[in-house]
Amino acid sequence: MALTFTEEQEELRTTLRRFLTEKAPSAAVRRAMDSAEGYDPRLWRQMADQLGLHGVALPEEYGGSGGGPVELGIVLEETGRVLLPSPYFATVALAGQALTASGDEPAKARWLPAIADGTLTATLALAEEPGSWRLEDIETSAGNGTLSGTKMFVVDGHTADLILVMARTGTGLGLFAVDGDAPGVTRTRLETLDPTRRLARVDLDGAPARRVGPSGDATAYLRTVLDLVAVALAAEQVGGAQACLDAAVAYAKVRVQFGRPIGSFQAIKHKCADLLVDVEGARSAAYHATAVAADASPELPPSAAQLVPAELPVSAALAAACCAQAFTHAAKENIQIHGGIGYTWEHDAHLHLKRAKSSEQLFGGPATHRSRLADLVGI
């Protein structure tokens, strides 16, 4: 399946890149990541009010613009280029997609309009203390309208107004909505590698919760949500990888050693050429995955497994593995090409490497996705 961007989608990319170039330069990113909130609330409002980014992948009847994974992928690719510290990924790519795909009309009517207008932040909680991102390893329990258990590495979980928690019931797995400040909820910000994306531990002790999505065993629905999340993260990683490639090439053109630009040296040429191949391969995988995801039904009832194209799990796993590795490789080579200055705190190269390594493990590392891909294709 090929993806050709429309004129409107290209305009979205152009407008957003111009906006982020002005509003989120390196200095602004560093201020935001060091702030108490971890992001710039004013920029968050501008993204919602001026550009309508929060509703880009939400249905029109809930205040969105009626777009989908392709439009969301464009936004994430651009925010990934600048390492934007923001609850956008957690709120829109995680919680927003989970709610949109739920087929739960009351839940969508309750929360999607607030996500679209930027007044609600939200996130999705999966991993637990062992650190596994597999649905089979979920132990958080749901019963009598409450949740008990511990969730780890919850993106922006320490500040989210709404937390969508994957938990185990007597009939299987389900998704449950919990208010961030509800009784029985204890949230702790974690010390993490990446200062531009904050993670949290969320302890649940009889926290009141509302079921979201299919009743009974919702494993098929949750797997689809995780596929959509993997595709979104892959798009963001492509943006980060491209930024590293651009920075490496730009530096190789101006850094002079032995009387000529280092970009004229064969070793540097090979590094840049290899990076280009990696980044373009990752871009192809991510764009293909967003096209497949866009072809899926935007609203998935309990029979979600029958409505989602069989290609989505395969393309999502492929994109997740490929894009994670490409971003990490690009971030490492960017530091190598910059030499000594690339290791300094003042240079942004280390921020890209930290985001790359953090994202590489988010929702499962490349080895996990490759193993799943092998199972899906029968290897």
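**How do we know? Talking through a predicted model**

Modeller: Let's start with how this chain folds back on itself: among contacts between residues at least 6 apart in sequence, 73% join residues at least 24 apart. Keep in mind that we are looking at a predicted model.

Colleague: What makes two residues a contact here?

Modeller: Two residues are in contact when heavy atoms lie within 4.5 Å. Leucine 124 is a nice example: leaving aside neighbours within four places in sequence, it touches Leu94, Ala98, Val154, Leu164, Met166, Leu175, Val225 and Val229.

Colleague: Which residues touch the most other members of the largest nonpolar core?

Modeller: That core has 85 residues, and those with the most contacts to other members are Leu72, Tyr88, Phe89, Leu124, Leu164, Met166 and Leu175. Helix α7, residues 219-254, gives the largest share of this core, with 13 residues. Another core, of 15 residues, lies apart from it, and includes Ala160, Val178, Val185 and Val202.

Colleague: Leucine 83 next. Is it buried or exposed, and how do you know?

Modeller: The cut-off for buried is under 20% relative accessible area. Leucine 83 has 3%, so it is buried. You will find leucine 83 in the loop between α4 (69-82) and α5 (88-100).

Colleague: And phenylalanine 258, buried or exposed?

Modeller: Exposed means over 50%. Phenylalanine 258 comes to 75%, so it counts as exposed. It lies in the loop between β9 (256-257) and β10 (260-261).

Colleague: What makes a positive phi worth pointing out in a residue other than glycine?

Modeller: Most residues other than glycine have a negative phi, so a positive one goes against the usual pattern. Leucine 83 has a positive phi of about 55°, and phenylalanine 258 also has a positive phi, of about 55°.

Colleague: Let's step back to the whole chain. How many helices and strands does it have?

Modeller: There are 12 helices and 10 strands.

Colleague: Why is the chain called as compact as a globular protein of that length?

Modeller: Its radius of gyration is 20 Å, and the globule rule gives 21 Å for 379 residues; the two values are close, so the chain is as compact as a globular protein of that length. Along its principal axes, the C-alpha trace spans about 75 × 45 × 40 Å.

Colleague: What share of the residues is buried?

Modeller: Buried residues make up 56% of the 379. As for the surface, the chain exposes about 15500 Å², with carbon and sulfur atoms supplying 53% of it.

Notes
Residues numbered from 1 in each chain as written. Predicted model: local features only at pLDDT ≥ 70, side-chain atom pairs only at ≥ 80, totals over all residues. Heavy atoms only, no water. Helix = DSSP H or I, 4+ residues; strand = E, 2+ residues; numbered from the N terminus. Buried < 20%, exposed > 50% of the residue type's maximum accessible area, 1.4 Å probe, protein only. Core = buried A, V, L, I, M, F, W, Y, C linked by side-chain atoms within 4.5 Å. Rg over C-alpha atoms; globule rule 2.2 N^0.38 Å. Areas by Shrake-Rupley, 256 points an atom, 1.4 Å probe, with all protein chains shown as cover.
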